[in-house]
Amino acid sequence: MSVAVNGIAHIQLTVNDPDRCIPFWEKLCHFLEMKTLIKGEGIVYCIGSRTGVLVRGAPAGKRDKRFDQETAGLHHFCFRARAREDVDAIHAFVANELGATIVHPPEEGSNFAPGYYSVLFEDPDGTRSLYDAGRTV
């Protein structure tokens, strides 16, 4: 017996700089037509499109390490966009409105899958997020 996954319910990120990261993620989620469900001291949880993003600050004594995608744990996460134009719009928003570090602007990535088109950027802590419009399985 096997079970088919029905998507990802939510992603939870722990950040070192909640004063910068929480507004970054909340603004990005709002741009992605998600709504803030919970907002409090050092936490925000946004939902929409059958997805949730929860961002919370790390405890003060554990904020000494920057995110490193080369260590064990999260490498990046990727949201699927509906169209290439959406990827372009996300790039413009994160670059111009959020001042995100752009790892690569929208580009063809046919080495991943035919028709793959994505943008990769980092939040203020260096956590990488990818948005793609490409072939689905």
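**Core and surface of a predicted model**

Reader: Which residues form a nonpolar patch on the surface, and what is their accessible area together?

Author: This is a predicted model, in which local features need pLDDT of at least 70, side-chain atom pairs count only at pLDDT 80 or more, and totals for chains, interfaces and linings use all residues. Residues are numbered from 1 along each chain as its sequence is written, and side-chain values use heavy atoms, with hydrogens and water left out. A patch of this kind joins nonpolar side chains (Val, Leu, Ile, Met, Phe, Trp, Tyr) within 5 Å, from residues with over 30% relative accessible area and no salt bridge, that is, no Lys or Arg side-chain nitrogen within 4 Å of an Asp or Glu carboxyl oxygen. By the Shrake-Rupley method with a 1.4 Å probe, Leu 37, Ile 38 and Ile 47 together have about 250 Å².

Reader: Is Leu 13 buried or exposed?

Author: Leu 13 is found in strand E1, strands being DSSP runs of at least two residues and helices (H or I) of at least four, numbered from the N terminus. Buried means under 20% relative accessible area, exposed over 50%, and partly exposed in between, with a 1.4 Å probe and protein chains only. Because its relative accessible area is 6%, Leu 13 is buried.

Reader: Which helix supplies the largest share of the largest nonpolar core?

Author: Such a core is a set of buried Ala, Val, Leu, Ile, Met, Phe, Trp, Tyr and Cys residues joined through side-chain atoms within 4.5 Å. The largest one has 28 residues, and Trp 25 and Val 55 are among those with the most contacts inside it. Helices H1 (18-31) and H2 (84-96) are among the elements that each supply at least two residues. The largest share, 6 residues, comes from H1.

Conventions. Patches are made of residues with over 30% relative accessible area and no salt bridge: like charges are joined within 9 Å, nonpolar side chains (Val, Leu, Ile, Met, Phe, Trp, Tyr) within 5 Å.
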